[in-house]
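Okay, thanks for coming, everyone. I've got one structure to walk you through today, so let's put it up on the screen.

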Amino acid sequence: MSGPLMENIMRLTLVRNATLRLTYADRVLLVDPFLAPRHSQPSLAGVSLNPTVDLPVPEDDVTRGAELVWVSHLHRDHLDLDPVRLPTNLRLLAQPGDVGALRTAGFTDVTPLEREETWNGIHLTRTTGTHGTGPVGEAMGQVSGLVLRAEGEPTVYLAGDTLLTDDVREVLARHRPDVIVTHSGGAVIAGTLIIMDAEQTVTLAREARDATIVAVHLEAYDHMTVTRDALNAAITRADLSERVLVPNDGETVAFERPVPTR
């Protein structure tokens, strides 16, 4: 919705995969900046070299103006470490277990997010995730999500690489996010689902009835099993099209609020 009594308060741009540019409380945050060229990495599923698509914009456009970078974990489809492509002087926020590797890679300004932190008026809360089950889940290691709060802004939950679990539901109940970013590509390793698929995304949307869902992490790596078309079809069947958004690479979603009248 837009009009004379509305103004943008948050803009979320899906770059590719889980890489986001988020304009929030007048700050620019970069999430999981994965900048590798198309077909520069090996296949995971025997389907294609990775990533399967190009960046929609030049690398410099992805990082330009970024004031804080959130690194949810160190899997190669979330951050380039071999080689490092992100400018090493950017301020990084990461789960504590990843800080040493980031500093070793040459990043000079890395802060561990133990639990909660306030940065320039934005309250940041780290959450946990379940990146698969059984032996595959153990091999995937620790992953994190992030909740953002600021005065006059929607509460945003970046769920990260996780299945829909009771831990996710606890975040929904505690923080009551207005916007939830899900990783919904249904990635599979060794026959094990490691992020949400279409069914879990629909279930989350039904349970978080007051939230807008933005589904990302689709069609960029060859172990994904859910396409945008398939996810949109599932959303339509569930009558959730008004609340579940599936942006294309390079697309920006704007969230707005009423301007108080006098």
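Before I get to charges, a quick word on the counting: Lys and Arg go down as positive, Asp and Glu as negative, and His and the chain ends are left out. Keep in mind, too, that this is a predicted model. On that count, the chain has 23 positive and 36 negative charges, and the mean positions of the two sets sit 3 Å apart.

Now the overall build. The chain has 6 helices and 16 strands. Its radius of gyration is 18 Å, close to the 18 Å from the globule rule for 262 residues, so the chain is as compact as a globular protein of that length. If you box up the C-alpha atoms along the principal axes, you get roughly 60 × 45 × 35 Å.

What about the inside? Of the 262 residues, 52% count as buried. And if you take contacts with a separation of 6 or more, 61% of them are between residues 24 or more positions apart. On the outside, the accessible surface is about 11,800 Å², with 47% of that belonging to carbon and sulfur atoms.

One detail to zoom in on: there's 1 aromatic pair in the structure. That's Phe34 and Tyr221, with ring centres 6.0 Å apart and planes at 55°, so we call the pair tilted. Why does this pair tie together distant parts of the sequence? Phe34 is in the loop between strand E3 and helix H1, while Tyr221 is in the loop between strand E14 and helix H6, so the pair links parts 187 residues apart in sequence. Phe34 counts as buried, at 0% relative accessibility, and Tyr221 counts as buried at 3%.

Key:
Residues are numbered from 1 along each chain as its sequence is written. This is a predicted model: local features need pLDDT of at least 70, side-chain atom pairs count only at pLDDT 80 or more; totals for chains, interfaces and linings use all residues. Side-chain values use heavy atoms; hydrogens and water are left out. Helices (H or I, at least four residues) and strands (E, at least two) are DSSP runs, numbered from the N terminus. The radius of gyration is taken over C-alpha atoms; the globule rule is 2.2 Å times the number of residues to the power 0.38. Buried means under 20% relative accessible area, exposed over 50%, partly exposed in between (1.4 Å probe, protein chains only). Contact means heavy atoms within 4.5 Å. Accessible areas come from the Shrake-Rupley method with a 1.4 Å probe; for residues, only the protein chains shown count as cover. The place of a charge is taken as NZ of Lys, CZ of Arg, CG of Asp or CD of Glu. Rings of Phe, Tyr and Trp (its six-membered ring) pair if their centres lie within 6.5 Å; planes under 30 degrees apart count as stacked, over 60 as edge-to-face and the rest as tilted.
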